[in-house]
Amino acid sequence: MKTFANRAAVVAAATLLAGTAYAWNEGGGEQEKALGLTPDLENGMDVYEVCSACHLPEGWGLPDGTFPQLAGQHRGVLIKQLSDIRAQNRDNPTMYPFALPKAIGDAQALADVVAYIEKLPMNPEWGKGPWGPDTPEYAQGEKLYKDNCVKCHGETGMGDKEKLFPRINGQHYKYMLRQFEWIRDGKRRNANPDMVEQIKGFSDKDMQAVINYVSWQPVPKDQLAESADWQNPDFE
């Protein structure tokens with residue numbers, strides 16, 4: 001009986017993972033609608049006030065990884081993630097109530113707020129990993145990144161706007177580490193199945209090394225705030 005129960009659990013898990021793969025980027029629905037709308041930046045600023053409580057008025061999140069840096073992220077990526085959270089295709093119980101239409105509005109509001117977020121300058125002192133250039137861990141991470149990640153995220157982590165691959169340069173090390181682990185271990189249901197397959201054999205050390213390397217990749221200077229003391233003038 002116990003063996004049967006264990007097999008049933010394995011089958012259930014496999015079914016869930018198959019569902020995850022299918023659900024990664026089906027398109028249509030609110031996501032497609034929002035992507036096709038012309039954004040209103042003034043309304044986007046108003047909508048973002050709800051988001052700023054956690055992600056900060058500057059959109060920089062926190063280096064401890066509690067909240068990601070949103071500033072500068074591709075518009076399409078943000079629309080996809082918000083749509084997935086609203087459709088309960090990505091689990092985020094903290095954010096879910098604040099992402100609902102009754103909190104921030106309809107598809108037009110999504111288009112507006114992500115366009116506002118995308119144009120915010122990024123934190124020039126984002127949270128980096130513990131191993132800088134010229135360390136063995138950095139070199140290990142560089143090799144892993146070039147062998148596994150460049151195709152989707154680009155040489156310096158800029159991602160791909162058209163394919164909805166997120167930019168990961170400038171993102172906090174601890175946030176990326178948590179998301180990578182969840183994707184590897186099947187806990188993030190809206191993960192790209194190609195990425196899940198690519199990283200399934202990564203050890204914890206591999207994971208830490210590659211995310212450390214990413215966290216040290218440069219962000220174009222014209223996309224950075226003038227200093228870490230910059231404050232969003234829209235919320236003064």
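**Cysteines, helices and salt bridges in a predicted model**

With a relative accessibility of 12%, Cys149 counts as buried; here buried means under 20% relative accessible area, exposed means over 50%, and partly exposed covers the values in between, as computed with a 1.4 Å probe on protein chains only. The model is predicted, so local features need a pLDDT of at least 70 and side-chain atom pairs count only at pLDDT 80 or more, while totals for chains, interfaces and linings use all residues. Residues are numbered from 1 along each chain as its sequence is written, and side-chain values use heavy atoms, with hydrogens and water left out.

The closest cysteine sulfur to that of Cys149 belongs to Cys152 and lies 8.6 Å away, too far for a bond. Cys54 gives a similar story: its sulfur is 9.0 Å from the closest cysteine sulfur, in Cys51, again too far for a bond. Cys54 is partly exposed, at 28% relative accessible area. A disulfide is a covalent bond between the sulfur atoms of two cysteines. With the criterion set at a pair of cysteine sulfur atoms within 2.5 Å, the structure holds 0 disulfides.

Cys149 also appears in the surroundings of Gly154. This glycine sits in the loop between α9 (150–153) and α10; helices are DSSP runs of H or I with at least four residues, strands are runs of E with at least two, and both are numbered from the N terminus. When neighbours within four places in sequence are left aside, Gly154 is in contact (heavy atoms within 4.5 Å) with Tyr145 and Cys149. Gly154 and Ile168 are separated by 14 residues in sequence, and their C-alpha atoms are 9.5 Å apart in space.

Helix α3 deserves a careful look. It runs over residues 41–55, yet its 15 residues leave the end C-alpha atoms only 18 Å apart, short of the 21 Å that a straight helix would reach at 1.5 Å a residue. The expected span is 1.5 Å times one less than the number of residues. A kink of about 45° is centred on Glu49 in α3, where the bend at a residue is the angle between axes fitted to the seven residues ending there and the seven starting there. At the N-terminal end, Asp40 caps α3 through a side-chain oxygen that lies 3.0 Å from the backbone nitrogen of Glu42. Just beyond the helix, Leu56 adopts a positive phi of about 75°. The buried residues of α3 are Gly44, Met45, Val47, Tyr48, Cys51, Ser52 and His55, and they pack against α6 (101–104) and α7 (107–118).

Helix α10 offers a helpful counterpart. Its 12 residues reach 16 Å from the first C-alpha to the last, close to the 16 Å expected at 1.5 Å a residue. Its buried residues include Tyr173, Tyr175, Phe180 and Arg184, and the buried residues of this helix pack against α11 and α12 (204–215). After α10 comes Gly186, with a positive phi near 80°.

Turning to charged pairs, the structure holds 8 salt bridges, each defined as a side-chain nitrogen of Lys or Arg within 4 Å of a carboxyl oxygen of Asp or Glu. One of them joins Lys80 to Asp84, with the closest N and O atoms 2.5 Å apart. These two residues both lie in helix α4 (residues 75–86), 4 residues apart, which is about one turn of the helix. An α-helix has 3.6 residues a turn, so residues three or four places apart point the same way. Both partners are buried: Lys80 has a relative accessible area of 1%, and Asp84 comes to 7%.

Another salt bridge within a helix pairs Glu142 with Lys146 at 2.9 Å, N to O. They too are 4 residues apart, about one helical turn, in α8 (residues 136–148). Here, however, Glu142 is partly exposed at 25% relative accessibility, and Lys146 is partly exposed at 45%.

Arg189 and Asp91 form a salt bridge as well, their closest N and O atoms being 2.8 Å apart. This pair links distant parts of the chain, 98 residues apart: Arg189 is in the loop between α10 (173–184) and α11 (193–199), and Asp91 is in the loop between α4 and α5 (96–99). Arg189 is partly exposed at 22% relative accessible area, as is Asp91 at 45%. Finally, Arg184, Asp185 and Asp204 are joined in a network of salt bridges.

Key:
Polar contact = N/O pair within 3.5 Å; in protein donor to acceptor, adjacent residues only side chain to side chain.
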